[in-house]
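Please walk me through this model in the viewer, one selection at a time. For each stop, say what to select and what is there.

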Amino acid sequence: MNASSTPSSGLPRIVILGAGFAGHTAALHLSRLVRSQAHVTVVAPRNRFTWFPSLIWVGTGTMSPEKVWFPLAPVYEKLGFEYVDGRAESIHPDERFVEVRRADGSTDRLTYDFLINATGPYLNFEGTPGLGPKEGNTQSVCSVEHALGARDAYLENVAHMKKGNRRRFVVGVGHPGATCQGAAFEYIMNVDADLRRRGLRDRAELIWLSNEPAAGDFGVDGIEARIGGKIVTGSSVIDELFKERGITPILAAGVTGVGNDGIAYDRVGYEPATLEYDFAMLIPQFRGIPMKYIAADGSEITEKMTVPSGFMRVDADYTAKAYDAYSAADWPSIYRSPFYDNLYAAGIAFAPPHPLSKTLKTAAGTTIVATPPRTGMASGIMGRTVALNIAEQVAGHPAIHHESMSEMPAACIASMGHSIWNGSAASIVMMPVARDYERYPEYGRDIDLCELDVGLSGAWTKRMLHEAFMWKLQAKPGWAMIPE
Amino acid sequence: MNPFLRNFWPYQIWRFIRMNAKMYAIAKHQPD
């Protein structure tokens, strides 16, 4: 083990675990809030930031992988921060240090005054037998490597179709409790658009396999918007899109296993079934990154600090309750551990108090629930909120900044075709993400701020967001003017 | 959602400006 890495400057030390949307956004904001008043260290593996929203294009071969990532080390050097290429193995909140395994295999002890756990998801392919690109039978678009694997498998099927063969593509989620349906939706829509462009669509059968209770639920209990004076639901819009494009939806279904010959799933209102496939891209369940929490006496306190799925407990109300009793106040507002006032969790790393969508049960007893997504925008907002509060604490003030998922907006541009000439996207804006029926009795959201639109302009917006955020996240001039 | 309007450039330019103005406004919004 290396010697304890404690700076001798005497400045408060802030350690950020993870450099995804939440961790990296927190780092950017800390650079403007406490640059000379704190020593900041970012610990993240592989020295790269990945712009996940564009991986669906890598997975269909319409964007090169170099366009979706950039190296982190030069950015942190520019910000005056220390960067450690490694992963946290354990957090010792009483003694205020983190055990880190560096990329070269050595371990290091990083002391901290404030810690942000922004470690993102553990992709739990093992949670579904036969799932995943490494040891299973399915593809994924959850990392650059996975997206490249999906691209190769997709193009292999395209080659078969060029020879006149028919192919069945199954896209969706691969676990009854998975999230991130939006990415899978974008993927199936881009596969559809690409096959049409190639003149091969009539040789492909596209099936949407999802745990959502209804099309367009996306783990946020759907969306409504006022269009032409009428209230339109996301469910009706997505249903219409599936019909138009000849995509067969299988909803309220939980994948229980994937063999060479078929995908086994259990569906509400039906007997368990198996679906044959030629290509499957199924998003796995997300869990917390495996990491131990150790008390001062050396005992493990992981169970106390996290929920069973491995995500870190924060200032949420985790009391088990019925769907009708869910409240906006259940959601955390400052993302801080209830046990340590210098320990935060942002982005996917924090434990949501409950789902946003309805939980269903099949006749065979499988619990089906589309768990809450923490998209790039939501994670970025959480990262900013945490940075603001740490800056307050560094200055000796209490943490006063709050933005829970029942207060924050979300904008989601779901690509349905990459081209800026004839592409398309579903543009979705909701405010807030978690419905608040006390504040907005009718829909739980501000219906005048909610938007739902389908068209070419969405493809332009999606491309513009890619360029704008790749600029912002590299801390290029004016980055702070681009909001999360 | 009118299929014709989805690819009608003048309408889509207007939707692009409107949607992005709205997204910018709500993204700038912070409760505190």
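Select A:Gly257 and A:Ala264: they are bridge partners, with A:Ala264 in β16(A). The model on screen is a predicted one. Widen the selection to β15(A) and to strand β16 of chain A, residues 263-267, and you have a pair that runs antiparallel over five bridges.

Now add β17 of chain A. The three strands make an open antiparallel sheet in the order β15-β16-β17. Which strands stand at the edges of this sheet? They are β15 (253-258) and β17 (273-275) of chain A; each has a single partner strand, so one side of each lacks a neighbour in the sheet. From one strand to the next, the twist averages 35°.

**Parallel strands of chain A**

Select residues 167-173 and 204-209 of chain A. These are strands β10 and β11, which pair in the parallel sense over six bridges. To find the register, pick A:Phe169, whose bridge partner in β11(A) is A:Leu206. To follow the connection, add helix α5 of chain A, residues 181-197: the chain passes from β10(A) through this helix to β11(A), in a right-handed β-α-β crossover.

Keep β11(A) and add residues 247-250 of chain A, which form strand β14. This pairing is also parallel, over four bridges. Here A:Ile207 stands opposite A:Thr248 in β14(A).

**Two stops on helices of chain A**

Next select residues 376-394 of chain A, helix α8. Its 19 residues reach 27 Å from the first C-alpha to the last, close to the 27 Å expected at 1.5 Å a residue. Is this helix mostly covered or mostly open? α8(A) is mostly covered, with 16 of its 19 residues buried. Just after the helix, A:Gly396 has a positive phi of about 85°.

For the other stop, go to A:Arg32 in helix α1 of chain A, residues 21-33. A:Arg32 counts as partly exposed because it has 13 C-beta neighbours inside 10 Å. Draw a distance from A:Arg32 to A:Ala296: the C-alpha atoms are 34 Å apart, and the two residues are separated by 264 residues in sequence.

**The sheet β24-β25-β26**

Select β24, β25 and β26 of chain A. They form an open sheet in that order, with antiparallel pairing. The edge strands are β24 (410-415) and β26, each of which pairs on one side only. Neighbouring strands are turned by 10° against each other on average, direction ignored.

Zoom in on β24(A) and β25(A), which pair in the antiparallel sense over six bridges. One position to label is A:Ala410, which stands opposite A:Met430 in β25(A).

Then add α9(A). This helix has 17 residues and reaches 25 Å from its first C-alpha to its last, close to the 24 Å expected at 1.5 Å a residue. Its buried residues include A:Leu456, A:Trp460, A:Leu465 and A:Phe469. What do the buried residues of α9(A) pack against? They pack against β24, β25 and β26 of chain A, together with α1 of chain B.

**Chain B and its contacts**

Now show chain B, which has one helix and zero strands. Its C-alpha atoms fill a box of roughly 40 × 15 × 5 Å along the principal axes. Of the 32 residues in chain B, 19% count as buried.

Select the contacts between the chains: 24 residues of chain A are in contact with 19 residues of chain B. On the side of chain A that touches chain B, β25 (425-430), β26 (451-455) and α9 (456-472) each supply at least two residues. Colour that side by class and you will find eleven nonpolar, eight polar and five charged residues.

End at B:Gln12, in helix α1 of chain B, residues 9-28. Why does B:Gln12 count as buried? It has 21 C-beta neighbours inside 10 Å, and 20 or more make a residue buried. Apart from neighbours within four places in sequence, B:Gln12 is in contact with A:Gly455, A:Leu456 and A:Ser457. Two of these residues, A:Leu456 and A:Ser457, are among the buried residues of α9(A).

How values were computed:
Residues are numbered from 1 along each chain as its sequence is written. Chains are lettered from A and ligands numbered from 1 in the order in which they are written. This is a predicted model: local features need pLDDT of at least 70, side-chain atom pairs count only at pLDDT 80 or more; totals for chains, interfaces and linings use all residues. Two residues are in contact if their C-beta atoms, placed from the backbone, lie within 7 Å. Ala, Val, Leu, Ile, Met, Phe, Trp, Tyr, Cys and Pro count as nonpolar, Asp, Glu, Lys and Arg as charged, and the others, Gly among them, as polar. Two strands pair if DSSP finds at least two bridges between them. Axes are lines fitted to C-alpha atoms, for helices over the stretch in contact, and angles run from 0 to 180 degrees between N-to-C directions. A crossover is right-handed if, with the strands pointing away from the viewer, the path from the first strand over the helix to the second runs clockwise. A residue is buried if 20 or more other C-beta atoms lie within 10 Å of its own, exposed if 12 or fewer, and partly exposed in between; C-beta atoms are placed from the backbone. The expected span of a helix is 1.5 Å times one less than its number of residues.
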